[in-house]
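Work through the following exercises with the sequence and the structure beside you. Try each task on your own before you read the solution below it.

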Amino acid sequence: MSVLVGLIVMLGMLVIVPLGLGLVGDPSLDRLRRLWPLFAVPGAVSLWLPRGGVATALALCYALGTLLLASHAPRRLARTRSVRPVEAALLTALVTPSVAALALVAERSGHELFGFGLGILALTVPHFHFAGFAAALVAGLVCRAEDGAAGTFAALSVPLGTLLVLVGYFVAEWTELAGAVVLTAGMWTVALLTWRTAPAPGQDRLTRVLLAVSAGVLAVTMVLALSWALGEATGLPHPTLTWMAATHGLGNALGFALCALLARRRLQHLTHPEGRTA
């Protein structure tokens, strides 16, 4: 499982985050996006080294990049002075990689954090790259494109669900289950709106396929997430963490996040040839 999780995390660090930042449409992020490999490559290398000083130092390098990214959140909020649902989702996307990086530094140093074992910390890293950054970003982009009640619900429920899951780590498994329910509802809404977008006129076949795959995979992987959270809270039979990494984790990484962001990038270039969203 550690090899699979490492590959998923590398995808998040090296591809998903910089690809997603290019879709935000914020010129202030351009410089950090160009510099991102300077932080992400050391972080990716740290995944494959034995725990210790060198791995920790490389993980800290990645953490610095995520903190620089998170620092854009309050500056964006001060600049836009907006608490619209789409902004809530985008601000969440800017902050969540720093949570993943904190877990990475602790895990690579071999130290438990807030009472969580190294195995849970290792899984927290991909979780906040995909269920955090990618999910919140895509929900925000969907809300931006679909300015209605469903888009608003998606943009608000994904950040709220992510926050509840995080709080549930510290409070109780029932809180984590509540977060999983909210997050699942939000992501199912994202999947539905994405599925509706797929056959829209003016899109090429590849874009339609990417949108359809991201919607279909998301609908399935969130069932797995919900079943795992329910089992943890109630003691009912549920998938193991190894099985979740191989199904829910891999599906969300490749089927949802990568396909959704590639599709949104293609849509961005079709709508705004200069490469920026409105």
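## Exercise 1: Classifying single residues

Ile120 has a relative accessibility of 35%, and it therefore counts as partly exposed. This residue is found in helix H6, and the structure in which it sits is a predicted model.

**Task.** Decide for Val9, Arg264, Ser227 and His111 whether each counts as buried, partly exposed or exposed.

**Solution.** Begin with the cut-offs: a residue is buried under 20% relative accessible area, exposed over 50%, and partly exposed in between.

- Step 1. Val9, whose place is in helix H1, has a relative accessibility of 1% and so counts as buried.
- Step 2. Arg264 lies in helix H10, and because its relative accessibility is 10%, Arg264 also counts as buried.
- Step 3. Ser227 has its place in helix H9, and at 28% relative accessibility it counts as partly exposed.
- Step 4. His111 lies in the loop between H5 and H6, and with 52% relative accessibility it counts as exposed.

## Exercise 2: Partners in contact and distances in space

**Task.** Leaving aside neighbours up to four places away in sequence, find which residues Val9, Arg264, Ser227 and His111 touch.

**Solution.** Take the residues one by one, and add a distance between C-alpha atoms where one is available.

- Step 1. Val9 touches Leu47, Val125 and Pro126; between its C-alpha and that of Gly43 there are 9.5 Å, although the two are 34 residues apart in sequence.
- Step 2. Arg264 is in contact with Leu23, Leu141, Val142, Ala145, Thr194 and Leu211.
- Step 3. Ser227 touches His238 and Pro239, while its C-alpha is separated by 9.9 Å from that of Val181, which is 46 residues away along the chain.
- Step 4. His111 touches Ala106, Leu118 and Leu121, and its C-alpha is 9.9 Å from that of Gly52, with their positions 59 residues apart along the chain.
- Step 5. For another pair, take Ile120 and Pro42, which are 78 residues apart in sequence and 22 Å apart in space, C-alpha to C-alpha.

## Exercise 3: The two sides of a helix

**Task.** Which residues of helix H4 (residues 72–80) are buried, and which are exposed on the other side?

**Solution.** Sort the residues first, and then look at their directions around the axis.

- Step 1. In H4 the buried residues include His72, Ala73 and Arg76.
- Step 2. These residues cover an arc of only 100° around the axis, and therefore they lie on the same side of H4.
- Step 3. A general rule helps here: an α-helix has 3.6 residues a turn, so residues three or four places apart point the same way.
- Step 4. Pro74 and Ala78 are exposed on the other side of H4.
- Step 5. The buried residues of H4 pack against H1, helix H2 (30–46), helix H3 (53–70), helix H5 (85–109) and H6.
- Step 6. After H4 comes Arg81, whose phi is positive, near 50°.

## Exercise 4: The nonpolar core

**Task.** Find how many residues the largest nonpolar core has and which residues have the most contacts inside it.

**Solution.** Go from the whole core to one of its residues.

- Step 1. The largest nonpolar core has 72 residues, and Ile16 and Met187 are those with the most contacts inside it.
- Step 2. Helix H6 (residues 118–145) gives the most to this core, contributing 16 residues.
- Step 3. Apart from this core lies another one, of six residues, including Ala198, Leu210, Leu211 and Cys259.
- Step 4. Ile16, when its neighbours within four places in sequence are left aside, is in contact with Leu11, Phe130, Phe133, Ala134, Ala257, Leu258 and Leu261.

## Exercise 5: The largest pocket

**Task.** Describe the largest pocket: what is its volume, and which residues lie nearest its centre?

**Solution.** Start with the space itself, and then turn to its lining.

- Step 1. The volume of the largest pocket is about 780 Å³.
- Step 2. Its lining has 36 residues, and Leu123, His127, Tyr169, Trp228 and His248 lie nearest the centre.
- Step 3. At least two lining residues come from each of helix H1 (2–24), H6, helix H7 (149–170), helix H8 (173–197), helix H9 (205–234) and helix H10 (241–271).
- Step 4. H6 gives the most to this lining, with eight residues.
- Step 5. Sorted by class, the lining has 26 nonpolar, seven polar and three charged residues.

Note on methods. Residues are numbered from 1 along each chain as its sequence is written. This is a predicted model: local features need pLDDT of at least 70, side-chain atom pairs count only at pLDDT 80 or more; totals for chains, interfaces and linings use all residues. Side-chain values use heavy atoms; hydrogens and water are left out. A nonpolar core is a set of buried Ala, Val, Leu, Ile, Met, Phe, Trp, Tyr and Cys residues joined through side-chain atoms within 4.5 Å. Buried means under 20% relative accessible area, exposed over 50%, partly exposed in between (1.4 Å probe, protein chains only). Helices (H or I, at least four residues) and strands (E, at least two) are DSSP runs, numbered from the N terminus. Contact means heavy atoms within 4.5 Å. On a 1 Å grid over the protein atoms alone, a cavity is a set of points where a 1.4 Å probe fits but cannot get out, and a pocket is an open set with protein on both sides within 12 Å along at least five of seven lines; lining residues have an atom within 4 Å of a point. Grid points are joined across faces, edges and corners, and a volume is the space filled by probe spheres set on the points. Ala, Val, Leu, Ile, Met, Phe, Trp, Tyr, Cys and Pro count as nonpolar, Asp, Glu, Lys and Arg as charged, and the others, Gly among them, as polar. The arc is that of the directions from the helix axis to the C-beta atoms.
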